[in-house]
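Thanks for asking me to look over this model. My notes are below as numbered points, so keep the structure open while you read.

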Amino acid sequence: MLKIRKIYGFTLLEVMVTVIILGVAVLLAVPIFFNIVEANYAEEGKHKLQALLGAQKRYAIEHKDLYTSNIANLDVDILVSATFFAPYVNDNITASFIAGIGRKGSNPYTLFIKDDGTFVCASSNNNGMCTKIGMQECNEAFCGAVKQYP
């Protein structure tokens, strides 16, 4: 009598369907993952700007309510990171922002902090990065005033 041996394994069709399903899942997950990572980078920039705002306010207390445009005059050390350019500060108390920091990379944007502690985001070449990191794009009145900054 001939014994029939059952062969275990997957057919080519089953393997292809599994690979396609996994590929679609990865295509959906990767953009979400990168937006979360970018939002964390933006939080790093926000923390640096909050430190600069506090330092500017302390400087203004000692110097007749005037801010400085020289970051070296402030009592805070902001380390340059791989993700952001060096921050800059504004010396005009009536200016639309107190400090700003620009994001390095292929999708750059600039974060600003106002005197009241609110943040504004301006994306370069309308790449939509501000929306992706959960911030509103700045309005034309504010953006027009800060075009000279990186």
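Which residue stands opposite Thr 110 in β3? Gly 102 does, and the points below start from that part of the sheet.

1. Before going further, a word on the source. This is a predicted model, in which local features need pLDDT of at least 70 and side-chain atom pairs count only at pLDDT 80 or more, while totals for chains, interfaces and linings use all residues. Residues are numbered from 1 along each chain as its sequence is written, and side-chain values use heavy atoms, with hydrogens and water left out.

2. The sheet. Four strands make an open sheet in the order β1-β2-β3-β4, with antiparallel pairing. Its edge strands are β1 (88-89) and β4, each of which pairs on one side only. Here strands (E, at least two residues) and helices (H or I, at least four) are DSSP runs numbered from the N terminus, and two strands count as paired if DSSP finds at least two bridges between them.

3. The inner pairing. Strand β2 (residues 99-102) joins β3 through four bridges in the antiparallel sense. The Gly 102 and Thr 110 pair from the opening question belongs here.

4. The hairpin. Strand β3 (residues 109-113) and β4 are antiparallel too, over five bridges, and Phe 112 stands opposite Val 120 in β4. Five residues separate the two strands of this hairpin, and Gly 117 in the turn has a positive phi of about 90 degrees. Strand β4 (residues 119-123) is mostly covered, with four of its five residues buried. Buried means under 20% relative accessible area, exposed means over 50%, and partly exposed lies in between (1.4 Å probe, protein chains only).

5. The helix over the sheet. Helix α1 lies across β1, β2, β3 and β4 and runs at about 35 degrees to β3. Contact means heavy atoms within 4.5 Å; axes are lines fitted to C-alpha atoms, for helices over the stretch in contact, and angles run from 0 to 180 degrees between N-to-C directions.

6. Salt bridges from helix to loops. A salt bridge is a side-chain nitrogen of Lys or Arg within 4 Å of a carboxyl oxygen of Asp or Glu, and by this rule the count comes to five. One of them joins Glu 38 and Arg 103 (2.7 Å, N to O). Glu 38 is in helix α1 and Arg 103 in the loop between β2 and β3, so this pair ties together parts that are 65 residues apart in sequence. Glu 38 is buried at 11% relative accessible area, and Arg 103 also counts as buried at 11%. Another links Asp 115 and Lys 57 (3.8 Å, N to O). Asp 115 sits in the loop between β3 and β4 and Lys 57 in helix α1, so parts 58 residues apart in sequence are tied together. Asp 115 is partly exposed at 31%, as is Lys 57 at 36%.

7. A salt bridge within the helix. Glu 43 and Lys 46 meet at 3.3 Å, N to O. Both are in helix α1, three residues apart, about one turn of the helix. Glu 43 is partly exposed at 34%, whereas Lys 46 counts as buried at 17%.

8. A surface patch. Val 26, Val 30, Phe 33 and Phe 34 form a nonpolar patch on the surface, with about 390 Å² of accessible area together. Phe 33 lies in helix α1 (residues 12-62). Patches are made of residues with over 30% relative accessible area and no salt bridge; like charges are joined within 9 Å, and nonpolar side chains (Val, Leu, Ile, Met, Phe, Trp, Tyr) within 5 Å. Accessible areas come from the Shrake-Rupley method with a 1.4 Å probe, and for residues only the protein chains shown count as cover.
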